[in-house]
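Student: I should like to understand how the terms used for a protein model are justified. May we go through them one at a time?

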Amino acid sequence: MGLWQDLRAGWHTRREAAAVNRRPIPDKLWRRTLKRFPFLSTGDPQDEQQLRRLTSLFLDRKEFSGAHGLEITDDMAVAIAAQACLPVLRMGLGAYDGFVGIVVHPGQAVVQRERVDDDGVVHVVEEELSGETVQGGPVMLSWRDVRASGATAQDGYNVVIHEFAHVLDLADGLPDGCPLLPPQLSKPRWLADMHKAYDEFCRQVGAEEDTELDPYGATGIDEFFAVASETYFTQPDALRRAFAQVYGLLDAYYRPSAGTPGE
Ligand SMILES: [Zn+2]
């Protein structure tokens, strides 16, 4: 590493330390957050320290706003930021550089969508959303659903991880169920394995079988990736039982064992 890089690395570290100091998370608030959302704890003290640091950086870099007069409290911001940082614990916050804003609704947002029926007739239908992600942001979340995440984790459901999995998937502009992969993972292999599991999952859902994953994952390969990611972080054993191959892919992507913690 040359002198310039040394200086730059030093500057980078100092700038980050300043950002963490600007947004320190008080001990009580942090402990409260871990208690409310137990799946945030991996049991590894180093992971927990890294999660807390990333959460501070996330709060420093992203902008929260409340819809319909909702006031964003520190508890709410930390709850969302910590859950959003869980998937990028190893890869770092750079993976979320593509957006800045997070809009929090008090409950599910009602949006109007156009649907084309089998006869080609366009209908305007109302849809209720607990979250939504569009490329470049903002990320929309329903606070009622975020708040319930501690309890809904037992069903493998987590709206924050779901939406941020979409952010990762969309990093290359394509909602194809494949995020930007590190060099050790092959995209053709990833897509082949994901599609194989997705086809089987669609068959199970079509046959109305009981599934370990949310049947919503059968609405598209991008939703399958998001739903599998939620389950990976909240009910990993369920994902391993249902789709061991997908579990292996997500584990290699989210938690590369040889990786050093990202920024
Ligand atoms: Zn989705």
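**Reasoning from values to terms**

Tutor: Let us begin with two helices of this predicted model: the crossing of H3 and H4 is right-handed. Their axes cross at roughly 115° and come within 9 Å.

Student: What makes the contact of H3 with H4, by class, nonpolar, polar or charged?

Tutor: On the side of H3, the contact is made by Leu-51, Leu-54, Thr-55, Phe-58 and Leu-59; H4 contributes Ala-77, Val-78, Ala-81, Ala-82, Ala-84 and Cys-85. By class, 10 of these residues are nonpolar, 1 is polar and none is charged.

Student: Which residues does Ala-81 touch, leaving aside those up to four places away in sequence?

Tutor: Ala-81 touches Thr-55, Phe-58 and Leu-59. Ala-81 is also among the residues with the most contacts inside the largest nonpolar core, which has 60 residues.

Student: Why is helix H7 described as largely enclosed by the rest of the structure?

Tutor: Helix H7 covers residues 159–169, and 11 of its 11 residues are buried, so the helix is largely enclosed. Among the buried residues are His-162, Glu-163, His-166 and Asp-169. What covers them includes helices H4, H5, H6 and H9, and strands E5 and E6.

Student: Why is Thr-219 called exposed?

Tutor: A residue is exposed if 12 or fewer other C-beta atoms lie within 10 Å of its own. Thr-219 has 12 within that distance, so Thr-219 is exposed.

Student: Where is Thr-219 placed?

Tutor: Thr-219 is in the loop between helix H8 and H9. Thr-219 and Tyr-198 are 21 residues apart in sequence and 9.8 Å apart in space, C-alpha to C-alpha.

Note on methods. Residues are numbered from 1 along each chain as its sequence is written. This is a predicted model: local features need pLDDT of at least 70, side-chain atom pairs count only at pLDDT 80 or more; totals for chains, interfaces and linings use all residues. A nonpolar core is a set of buried Ala, Val, Leu, Ile, Met, Phe, Trp, Tyr and Cys residues joined through C-beta atoms within 7 Å. A residue is buried if 20 or more other C-beta atoms lie within 10 Å of its own, exposed if 12 or fewer, and partly exposed in between; C-beta atoms are placed from the backbone. Two residues are in contact if their C-beta atoms, placed from the backbone, lie within 7 Å. Helices (H or I, at least four residues) and strands (E, at least two) are DSSP runs, numbered from the N terminus. Axes are lines fitted to C-alpha atoms, for helices over the stretch in contact, and angles run from 0 to 180 degrees between N-to-C directions. A crossing is left-handed if the near helix is turned anticlockwise from the far one by less than a right angle, and right-handed if clockwise. Ala, Val, Leu, Ile, Met, Phe, Trp, Tyr, Cys and Pro count as nonpolar, Asp, Glu, Lys and Arg as charged, and the others, Gly among them, as polar.
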